[in-house]
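Visitor: I would like to go through this protein one question at a time. Please keep each answer short and end it on what I asked for.

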Amino acid sequence: MFFPKALLKARIPCVGEARRRHRRLIIGFFILLPVHFALAKLATAFTFPDGSAAIWPSSGVFVATLLLFGRRFWVILLLCDFIINRVLFFQTPASLIVASLNAIDSFIISTLVARFIQRPYPFERPQDAIKFIASLFLFTPLTALVGAATQCADGISVWQNFQMVWLGWYVGTVVSMLIISPALLTLFKAYRSRQWWKAKQPGEFFLVLALLIGIGCAAFWSNNPVEYMMVLPLLWAAFRLEQWQSTLLILVMAAIAIFGTSKGFGSFAKDSVGTSLMLLQSFMSALTIVTLILSAAIHENRTSSAQLEQANNQLELRVEQRTSELMNTLQELQITQAQLIQKEKMSSLGQLVAGVAHEINNPVNFIHGNLNHLQEYTQNLLDFVALQQKYEPNPAPEILAAAEELDLEFLRSDLPKILSSMKVGTQRIREIVLSLRNFSRMDEAEFKAVDIHAGIDSTLMILQHRFKATSERPEIEVIKNYGNLPLVECYAGQLNQVFMNILINAIDALEERNAKRTEREIQDDPNRITIRTDVVNSTFIEIAIADNGIGIPSHIQQRIFDPFFTTKPIGKGTGMGMSISYQIVTENHNGKLECHSVPNKGTELIVQIPLQQRVYSAA
């Protein structure tokens, strides 16, 4: 017979799931059977003189099993209960009827919980606990009726006591489910959540347990009518402890009450066994119902408070995150605005410098170019005058008077010197103009291969006035240790701005240090700025600018590249110079800008950029 592959693949998971279910049922049977047997023997160990038991613990175990593991376990419950009843109590037909009734009770209760509560733990809200309790009282009388009839028909009880047998069966089943099922459900829930104890609860639990046992002993072992005082520790547990602890204390209360009453102690021990059972079961039911409902209400309140606190924390976290995002956005906008203003200033300054350099360059070039001719013409005239004096040693008196008035000899010796000085001055102006043009680099908006040393020299030329000694400050020595650098692809104007910012900070640091030193100390350790360049790993160039100034403290070194951070007085620095320099080096040139400083020893700023920007970016 042919089966499609898709159908076979669909059947294989179903077969595997069915096998797993059967395996779970078999395991459940072998676990539940000895548990049921032990509970049955325990119940019969504390029976009353007529053989009646106050509770039947297996009923509570059955309900908890179906709620925890699913209603398909009803078959296992039926089989286990049939075996135990057949071995311990009834004949085969009666055992089958009683087992069926117990399984039906558990199945109906678990079905009602699934239908109307829709939670595996019906004690998380007070309304759910009330529904669970109501289902126990409303849907077990019929099965109790059939069970009592079976018990009388089998000869275990007489028909004259049918009403008491039915009532005892009914109330015993309800009380068993009230006491045992909540304990198992809450214990299993605590086990799953791995939250057995909260802070300071172990000691409080054992204190409540001791109080409950003390009151129970006084009531059921010493015949003091204080049994209802046991509600106090139960209420304490409902308000203060976890639900599994409250239900465990209910078990302790029931065990003490059953043991004492079955032995003839306590206010519930009467001559009539039926009366004693009713009083005992009513007592246990009342305390259990109050504790369960109150515990569920407190649990719901704690859960709501925890959810509210969690929601509040999440809201606060979202507000903090949103506030942080807004603050970051605002800071970014401020940084961007400051950078735009700074760039606009530098752009305007560059345009101004370029314009001034261009306007100065033309007349200076004209003057410098004609100085050679003027020097030549002047020398020719002086040579002609000397030749005339050679061949006419005795000129007219008027010529001698004019020569004396003009101081001809001084004029002949000083005029060439003046022209030479003028030539040196115009050459100096040309060099300054060239430095200004190199510094501005307004015509280079893209990467171009440039000479880094030329950019450094241009920056030094512009800052020359701050290196020279004046009456107020000593000279700053500039030491240049230039390596053999190839042409480097970069934004030349931006790098010149970086050199300018670093050198200005170095000069300020030296001046700040000088203010704290004597002339003797300055002479022993003069101001010095060292500029070193080199090639690193054949792919990067390194420009290190070091000074022997005041240095930077370690806690400030981490912030020198932060926007708006400055240690200078108000009005002397904006805190954007090093931030913009860091951005130019790291973002615009894919490089690194590092600071190394020792307080009172000096600072070194190291700039590293790749030789070829396009190749480096692609890599």
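Visitor: Leaving aside neighbours within four places in sequence, which residues is Val364 in contact with?
Guide: The model is a predicted one. In it, Val364 lies in helix α11, which covers residues 273-391. Leaving out residues within four places in sequence, the contacts of Val364 are Thr426, Ile429 and Arg430.

Visitor: How far apart in space are Val364 and Arg430, C-alpha to C-alpha?
Guide: In sequence the two are 66 residues apart. Even so, Val364 is in contact with Arg430. From C-alpha to C-alpha, the distance between Val364 and Arg430 is 7.0 Å.

Visitor: Is Val364 buried or exposed?
Guide: A residue counts as buried when its relative accessible area is under 20%. The relative accessibility of Val364 is 10%, so Val364 is buried.

Visitor: Which helix gives the most residues to the largest nonpolar core?
Guide: That core has 65 residues, and those with the most contacts inside it include Phe132, Phe220 and Phe283. The most residues given to this core by a helix is 10, and they come from residues 162-193, helix α7.

Visitor: Phe220 is among the residues with the most contacts inside that core. Which phenylalanines does Phe220 touch, not counting residues up to four places away?
Guide: The residues touched by Phe220 include Met230, Ile256 and Ala257. Glu227, Gly260, Thr261 and Gly266 are also among them. The phenylalanines in the list are Phe265, Phe268 and Phe283.

Visitor: How many residues are in the other core?
Guide: Another nonpolar core lies apart from the largest one. Among its residues are Ile456, Leu485, Ile502 and Met578. The size of this core is 39 residues.

Visitor: Which element gives the largest share of the lining of the largest cavity?
Guide: The structure holds 3 cavities of 30 Å³ or more, and the largest has a volume of about 50 Å³. Of its 10 lining residues, the closest to the centre are Val450, Ile452, Gly455, Ala492 and Asn496. Two elements, α14 (452-462) and α16 (492-514), give two or more residues to this lining. The largest share is 4 residues, and it comes from α16.

Visitor: Is Asn496 buried or exposed?
Guide: Asn496 is placed in helix α16, and its C-alpha is 9.9 Å from that of Ser581, 85 residues away in sequence. The cut-off for buried is under 20% relative accessible area. Asn496 has 3% relative accessibility, so Asn496 is buried.

Visitor: Which loop holds Asn600?
Guide: Asn600 is not a glycine, yet its phi is positive, at about 65°. Its relative accessible area is 53%, which means Asn600 is exposed, as the cut-off is over 50%. The loop that holds Asn600 is the one between β6 and β7 (602-610).

Visitor: What is the relative accessibility of Asn590?
Guide: Asn590 is in the loop between α19 (577-588) and β6 (592-598). Its phi is also positive, near 55°, in a residue other than glycine. Asn590 counts as partly exposed, because its relative accessibility is 26%.

Visitor: How many disulfides does the count come to?
Guide: A pair of cysteine sulfur atoms has to lie within 2.5 Å to be counted as a disulfide. Cys80 is buried at 0% relative accessibility, and Cys595 is buried at 14%. By the distance rule, the number of disulfides is 0.

How values were computed:
Residues are numbered from 1 along each chain as its sequence is written. This is a predicted model: local features need pLDDT of at least 70, side-chain atom pairs count only at pLDDT 80 or more; totals for chains, interfaces and linings use all residues. Side-chain values use heavy atoms; hydrogens and water are left out. Buried means under 20% relative accessible area, exposed over 50%, partly exposed in between (1.4 Å probe, protein chains only). On a 1 Å grid over the protein atoms alone, a cavity is a set of points where a 1.4 Å probe fits but cannot get out, and a pocket is an open set with protein on both sides within 12 Å along at least five of seven lines; lining residues have an atom within 4 Å of a point. Grid points are joined across faces, edges and corners, and a volume is the space filled by probe spheres set on the points. A nonpolar core is a set of buried Ala, Val, Leu, Ile, Met, Phe, Trp, Tyr and Cys residues joined through side-chain atoms within 4.5 Å. Contact means heavy atoms within 4.5 Å.
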